[in-house]
Amino acid sequence: MINVLFVASEAVPFIKTGGLADVVGSLPGFLDPARYDVRVMIPKYACMDDEFRKKLKFVSHCYVSLGWRSQYVGVLETVYDGIRYYLLDNEYYFAGDKPYNRIYEDIEKFAYFSKAVLGALEKIDFKPDIIHCHDWQTGLVPVYLKCFSDRYADYSDVKTVFTIHNLKFQGRWMINAVQDITGLPDNMFTPERLESYGSANYLKGGVVYSDIVTTVSPTYVKDIMTREGGEGLDGVFRARSQSLYGIINGLDYDEYDPAKDKHIPVRYDVTSFKEGKRANKEKLQSELSLEPDLDTILLGMVSRLTDQKGFDLVNFIMEELLSHARVQFVLLGTGEDRYENSMRYFAGKYPGKISVNIGYSEDLAHRIYASADAFLMPSLFEPCGLSQLMSMRYGTLPIVRETGGLKDTVEAFNEFENTGTGFSFSNFTAHELIKTIYYSFHIYYDMRDRWNDMISRAMKMDFSWKKSAGQYEKLYESLVQK
Ligand code: ADP
Ligand code: GLC
């Protein structure tokens, strides 16, 4: 048996702000249970759903030192879908109505969490062979293990894997303050270690101190080794290129399955998508007060409203699209005020044509994946992206920019050979985006057979965890054999 501990700041079904939670909440269940005992450690946030909070059982507690203070760590556990989750409790750090707050608060919160993880390990009956950390919030786990090797001598043979889901967020803060919180010595804040452009950088710590570093698509691996895509750390990635791997995210095909989905009014599969999608679209149009017109193309977006997701381009083309084209548009998302407000403006100006839903709803997300004809995802950068996988699974053709995981998962339509699973463009310009959208409209309105062929191909693609879980297993095996 190989024991693996996942450490992350979010996991479905307990808490989710984006794709990280989908991955951490699904991958463990797809590793071979005959060979792996995988468990997951996450914070117990006050904003977590009550339904899950009630099921938690108290295991133990301990204290960890943080700066000059000693902080309580409650260790609770629950089993969900056969996987054991440990939730670490501290009402001071994990209070509030959302998991993340201002960066200086999060810097302390996740220094605490990383220490708490190592403290909690001593209280549970599980010794990991591998600790698999995710994103900057857990970057200090491998740092602590190496830097305080005397204190953590029992774990000296533990291997570490660090997965980057989004390089944009690195957990950077003033060295003095970080040193005060973490208790790490001066010599840890050099350019070979945690220092980066004059700040302390948690993600860099994770990258430098882990045995293996992965990210969530092969193209994103290439992207982060370039100046343009490296967010200041491209040199670090080039230096670690021998231990850097890109593994595409899988999707939980049971959770996202139009033939079984409880969130959608009419279920369908690859043999019945024409009627199924139409019926869902009819219901969605009525639910969201869109004009009841089944023959107009419906574009969907389910997204965090940030610049990463291409909202600068979307803003730019929206007026032209809504005033000229035969189109309907449905958006579900939350995020930056500037995008929420501009989208509300378009909703006010073009009622019946566009439905803007500012908020978070699992339920509506599924209904949009099932009902829309095409899914818009013109990202500025995209480590992997799960939304385009979800939309293909539901027969909603993605329109994407060729970056990161979008490039690896969506094959552009070729009308001469009748191949492809979506539409794509290369340069981050409004011109290329609108041209691609209009091209997709042309196929939808004038070549419906081709469009439907493409839906079949997209729905038959296999983006389940099967292949990718096997790639993680190979990496784990290579580590424990060393
Ligand atoms: P990212 O993690 O960068 O946000 P991904 O495409 O990997 O992008 O994953 C986004 C996940 O979050 C998908 O499961 C998507 O359906 C979901 N999601 C995003 N915004 C919302 C929202 N407002 N309501 C419900 N689900 C959302
Ligand atoms: C991040 C990325 C997204 C990726 C997700 C899960 O949030 O932005 O591209 O799919 O993590 O790995």
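**Close-up 1. Polar contacts to ligand 2 in a predicted model.** A backbone polar atom of Cys-384 sits 3.0 Å from an oxygen atom of ligand 2. Glu-382 brings a polar side-chain atom to 2.5 Å from a ligand 2 oxygen, and for the side chain of His-165 the N or O to oxygen distance is 2.6 Å. A polar contact here is a pair of N or O atoms within 3.5 Å. On its own, ligand 2 has 310 Å² of accessible area, and the protein covers 94% of it (Shrake-Rupley method, 1.4 Å probe).

**Close-up 2. The shell around ligand 2.** Count the residues with a heavy atom within 4 Å of the ligand and you get 14, the closest being His-165, Asn-249, Glu-382, Cys-384 and Gly-385. By class, 6 are nonpolar, 6 polar and 2 charged; Ala, Val, Leu, Ile, Met, Phe, Trp, Tyr, Cys and Pro count as nonpolar, Asp, Glu, Lys and Arg as charged, and the others, Gly among them, as polar. Helix α1, residues 19-26, gives the most, with 3 residues. Helices (H or I, at least four residues) and strands (E, at least two) are DSSP runs, numbered from the N terminus.

**Close-up 3. Polar contacts to ligand 1.** The side chain of Lys-309 puts an N or O atom 2.8 Å from an oxygen of ligand 1. Leu-386 joins in through a backbone N or O atom, also with a ligand 1 oxygen, at 2.8 Å. For Lys-16, a polar side-chain atom lies 2.9 Å from an oxygen of ligand 1. Taken alone, this ligand exposes 570 Å², and the protein buries 94% of that.

**Close-up 4. The shell around ligand 1.** Here 23 residues surround the ligand, with Gly-19, Arg-304, Lys-309, Tyr-369 and Leu-386 coming nearest. They split into 9 nonpolar, 9 polar and 5 charged. Strand β13 (297-305) is one of the elements giving two or more residues, along with α1, β14 (327-335), α12 (362-371) and α13 (387-393). The largest share, 3 residues, comes from β13.

**Notes for all views.** Residues are numbered from 1 along each chain as its sequence is written, while chains are lettered from A and ligands numbered from 1 in the order in which they are written. In this predicted model, local features need pLDDT of at least 70, side-chain atom pairs count only at pLDDT 80 or more, and totals for chains, interfaces and linings use all residues; side-chain values use heavy atoms, with hydrogens and water left out.

Conventions. Polar contact = N/O pair within 3.5 Å; in protein donor to acceptor, adjacent residues only side chain to side chain.
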